[in-house]
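Dear colleague,

Please find below the structure that I am handing over to you. My findings follow it, arranged by topic.

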Amino acid sequence: MRMALRLVRFRGAAGGRPRLGLEEAPGGNLVDLNAAEPELPRSMREFLEIGPRGLALAQRALESGQHRVLRETAQLLAPVGDPEKVICVGLNYHDHCQEQGVKVPKEPLIFSKFPSSITGPFDDIVHPQDTSELDWEVELAAIIGKRGRHIEEAAALEHVLGFTVANDVSARDWQMRRNGRQWLLGKTFDTFCPLGPAIVTRAAVADVHNLWIRCSVNGHQMQDSNTRHLIFGVPTLVAWVSRFVTLVPGDILLTGTPAGVGVFRKPPIFLKRGDEVQCEIEELGTICNRVV
């Protein structure tokens, strides 16, 4: 049974340890899953490892009408805070290849961010002293819900629990010129992976390959595209990555960014302290992070 759920992690008004929850509706109040089902873990990764039974308990809590938390009293956290892996894809939109004058890749270009780069959907992005070229990248993120290796493309979506919004924040000087031009350091400073607000399960998304995807800085629209312009779709990416590594529940797959990043503008535009970056994907929600 495919369930249409919007899974979140949050802290209540009194603070304390993170809790698992659901959004009742996009941007709506929350259901406290740990109050409704005390046996459930507080880690999203551990919850996803339970599989369909955990989702059935979440559905039951949603239908109960109980254990509601007013959204304004809660602090939303990154929906997955402790993944085993954060896997990223470069050059995966036709328009993004176009804006920098490079050929469309023949196979997915894979890199990584460390899990310590993850921050919440409304938390601050810390501008490192070590860079003067801080950039934004709105991305569709797929969350793995079922373990697999050598996954067939035709079955790949069965391994994806759902989707969320990510910002692949990038220090372009470190990505493009320093550290031997390996991308890792420029991509993985602390707070360089804002994520959220919810994991929207596949059943709640009409067509993941036809969603508008946008980013604005200080209210000015910088990126405006659609996931139909992905070069490699989610099933292709899941199958490709699983040739090399075992995918496990909670793994995060960032699928690439469309045109409109700062570094390829003429002249280039980079983020500075005080800027506000808003990333939004249709049906999934909005994250908004201040640069400090």
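In what order do the strands of the open sheet of 4 strands lie, and is their pairing parallel or antiparallel? In this predicted model, the order is β15-β14-β17-β18, and the pairing is antiparallel. The edges of the sheet are formed by β15 (220-226) and β18 (285-290); each has a single partner strand, so one side of each lacks a neighbour in the sheet. From one strand to the next, the twist averages 10°. Between β17 (residues 276-281) and β18 there are 6 bridges, and these two strands run antiparallel. Within β18, Thr-286 is the residue that stands opposite Glu-280.

Strand β1 and its partners

Strand β1 covers residues 6-12, and 5 of its 7 residues are buried, which leaves the strand mostly covered. I found antiparallel pairing between β1 and each of the strands described here.

- With β2 (residues 15-23), β1 pairs over 5 bridges in the antiparallel sense. The two strands are joined by a hairpin through 2 residues, and Gly-12 is placed opposite Gly-15 of β2.
- With β5 (residues 75-77), β1 shares 3 bridges, again antiparallel. Here Arg-11 stands opposite Gln-75.
- With β13 (residues 193-201), β1 is joined by 2 bridges, and the strands run antiparallel. Val-200 in β13 is the bridge partner of Arg-6.

Helix α7 and the nonpolar cores

Is helix α7 enclosed by the rest of the structure or left open? Of the 8 residues of α7 (residues 234-241), 7 are buried, so the helix is largely enclosed by the rest of the structure. The buried residues are Val-234, Pro-235, Leu-237, Val-238, Ala-239, Trp-240 and Val-241. Their cover includes the strands β6 (86-90), β7 (109-113), β10 (138-144), β11 (160-167) and β16 (252-254).

The largest nonpolar core contains 46 residues, and those with the most contacts inside it are Phe-163, Val-234, Val-238, Leu-253, Ile-281 and Leu-284. At least two residues of this core come from each of β6, β10, β11, β14 (212-217), α7 and β17. The greatest contribution is that of α7, with 5 residues.

Leu-253 illustrates how these elements meet. Apart from neighbours within four places in sequence, Leu-253 is in contact with Ile-87, Val-89, Leu-140, Ala-141, Ala-142, Leu-237, Val-238 and Val-241. There is also a second, separate core, which has 30 residues and includes Leu-5, Leu-55, Ala-78 and Cys-88.

Tyr-93 and Asn-226

Tyr-93 lies in the loop between β6 and α4 (94-100). The relative accessible area of Tyr-93 is 0%, and the residue is therefore buried. Not counting residues up to four places away in sequence, Tyr-93 touches Ile-213, Ser-225, Asn-226, Thr-227, His-229, Leu-230, Ile-231, Gly-256, Thr-257 and Pro-258. A separation of 8.9 Å is found between the C-alpha atoms of Tyr-93 and Arg-228, although these positions lie 135 residues apart along the chain when counted from one to the other.

Is Asn-226, one of the residues that Tyr-93 touches, buried or exposed? Asn-226 belongs to strand β15. Its relative accessibility is 8%, so Asn-226 counts as buried, the cut-off being under 20%. The side chain of Asn-226 makes a polar contact of 3.2 Å with the side chain of Asn-210. In addition, a polar atom of the Asn-226 side chain lies 3.3 Å from the backbone nitrogen of Leu-211. Leaving aside neighbours within four places in sequence, the contacts of Asn-226 are Tyr-93, His-209, Asn-210, Leu-211, Trp-212 and Ile-213.

Record annotation

An unreviewed UniProt entry lists residues 85-292 as "domain: Fumarylacetoacetase-like C-terminal". Over this stretch, residues 85-292, the chain is 12% helix and 33% strand, and the C-alpha atoms at its ends are 26 Å apart.

With kind regards

Definitions and conventions. Residues are numbered from 1 along each chain as its sequence is written. This is a predicted model: local features need pLDDT of at least 70, side-chain atom pairs count only at pLDDT 80 or more; totals for chains, interfaces and linings use all residues. Side-chain values use heavy atoms; hydrogens and water are left out. Buried means under 20% relative accessible area, exposed over 50%, partly exposed in between (1.4 Å probe, protein chains only). Contact means heavy atoms within 4.5 Å. Two strands pair if DSSP finds at least two bridges between them. Axes are lines fitted to C-alpha atoms, for helices over the stretch in contact, and angles run from 0 to 180 degrees between N-to-C directions. UniProt positions are given in the numbering used here, feature names are shortened, and annotations may be inferred rather than shown by experiment. A nonpolar core is a set of buried Ala, Val, Leu, Ile, Met, Phe, Trp, Tyr and Cys residues joined through side-chain atoms within 4.5 Å. A polar contact is a pair of N or O atoms within 3.5 Å; within protein, one must be able to donate a hydrogen and the other to accept it, and residues adjacent in sequence count only if both atoms are side-chain atoms.
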